[in-house]
Amino acid sequence: MHIYKFLLFLILLYSCGGGSSSSGIENDTQIIQSSNSTETCTNTQVSNLKRCDLMHDNIDRFYYLYKPSNLDTNSSVAVLFALHGYGSSAMTHFSYTNYEPIADGNNFIVVYPQGTTSNALNTHWNNGGWTSKSTAKDIEFIDTIINLLKEKINIDQTRIYSSGMSNGGYMSYHLACNLDNKFAAIVSVTGSMTTDTYDNCSPSHPTAIMQIHGMRDTVVPYFGSIGSKSINDVMKYWSSYNGCDNDPEEQIEYYSQNNYVINTETYTNCINNVSVKLILHSTLGHNWPRTSYYGFSASQEVWNFVSKYDSYGYRE
């Protein structure tokens with residue numbers, strides 16, 4: 001069922017009947033120096049969460065690292081980047097994504113980098129397009145974090161993933177286009193691709209892609225806006241690049257109690273058995289979906305999707 005049929009279904013259906021912030025969690029009681037002298041990591045009041053500070057491109061930058069207490073480092077572990085939205089923060093993103101129990105149960109670490117206000121009024125990720133006036137070297141910043149992680153944790157360099165909300169979703173696509181030698185799969189929640197990222201994307205290997213979006217998102221509209229590609233264009237780009245079947249497999253679920261519809265489209269038979277997936281929610285706005293409100297957990301869907309892939313394609 002293509003989007004226009006989906007919209008018609010919604011019209012007939014209805015004719016018939018992000019997150020909160022947190023503060024005050026930092027605790028500088030324990031300081032650990034990385035073998036790289038440019039980084040200092042500090043405990044916080046949240047168990048297993050450290051804040052790591054470094055100087056990058058002459059700007060003070062930092063990120064939070066969640067490392068489960070039961071992490072098995074006898075084998076290499078996967079890495080999930082979690083990128084906040086425009087005007088938001090790493091700590092706010094940490095507070096509503098709730099990746100910790102998923103990481104605890106699946107032996108991976110989560111990285112929450114902090115964007116800058118470089119040449120802008122609000123914190124952001126410099127992903128081209130409407131952030132083109134930014135001078136922040138965020139691709140290089142993320143790459144630097146990966147290199148620092150390699151120094152202190154036995155990470156699986158074939159299983160590095162990115163997820164993000166809104167501007168963080170745009171940045172995840174930007175990484176898939178410009179740092180894809182490091183990323184195996186990405187997920188965008190309420191984000192898209194800027195026209196600059198779209199027009200200049202040059203990945204070097206098939207990349208698993210998932211988009212989670214709402215038909216009531218007026219900040220990043222499904223049908224696109226000036227400087228932002230439509231979600232359909234984004235899905236078509238990646239399904240074409242990955243050599244997938246032209247038409248996706250489709251599943252539609254109607255939740256009568258809450259009066260919403262979830263339409264899932266998955267492009268399959270792609271090179272290296274990667275896939276391109278869209279979860280489209282009829283009543284979702286510019287929010288991070290949770291089971292209690294929207295019938296599914298975006299955080300769980302992120303891990304369920306990316307964990308199937310490494311840099312070489314489908315893992316199982």
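These legends accompany an overall view and several close-up views of one predicted protein model.

**View 1. The whole chain, with its helices and strands.** In this predicted model, the chain is made up of nine helices and 14 strands, together with the loops that the later views show in part. Of its 316 residues, 56% count as buried, while the area that the chain exposes comes to about 13300 Å², with carbon and sulfur atoms supplying 45% of that area.

**View 2. Helix α7 and the elements it packs against.** Helix α7 covers residues 231-241, and its buried residues are Ile231, Val234, Met235, Tyr237, Trp238 and Ser239. These buried residues pack against two helices, α5 (167-178) and α6 (195-200), and also against three strands, β9 (208-214), β11 (260-267) and β12 (276-281). Just after α7 comes glycine 243, whose phi is positive, at about 70 degrees.

**View 3. Serine 172 within helix α5.** Serine 172 has its place in helix α5, and because its relative accessibility is 0%, serine 172 counts as buried. When neighbours within four places in sequence are left aside, serine 172 is in contact with Leu83, Ser162, Ser163, Gly164, Ile186 and Val187. The C-alpha atom of serine 172 is separated by 8.9 Å from that of phenylalanine 81, although these two residues are 91 residues apart along the chain.

**View 4. Serine 118 in a loop.** The loop that holds serine 118 runs between strand β6 (108-113) and helix α4 (138-152). Serine 118 has a relative accessible area of 12%, which lies under the 20% cut-off, and it is therefore buried. Apart from neighbours within four places in sequence, the residues in contact with serine 118 are His124, Ser134, Thr135 and Ala136.

**View 5. Threonine 190 and asparagine 269, two loop residues with positive phi.** Most residues other than glycine have a negative phi. Threonine 190, however, has a positive phi near 60 degrees, and asparagine 269 likewise has a positive value, near 55 degrees. Threonine 190 is found in the loop between β8 (185-189) and α6, whereas asparagine 269 is found in the loop between β11 and β12. Is each of these residues buried or exposed? Threonine 190, with a relative accessible area of 0%, is buried, but asparagine 269 counts as exposed because its relative accessibility is 55%, a value over the 50% cut-off.

How values were computed: Residues are numbered from 1 along each chain as its sequence is written. This is a predicted model: local features need pLDDT of at least 70, side-chain atom pairs count only at pLDDT 80 or more; totals for chains, interfaces and linings use all residues. Side-chain values use heavy atoms; hydrogens and water are left out. Helices (H or I, at least four residues) and strands (E, at least two) are DSSP runs, numbered from the N terminus. Buried means under 20% relative accessible area, exposed over 50%, partly exposed in between (1.4 Å probe, protein chains only). Accessible areas come from the Shrake-Rupley method with a 1.4 Å probe; for residues, only the protein chains shown count as cover. Contact means heavy atoms within 4.5 Å.
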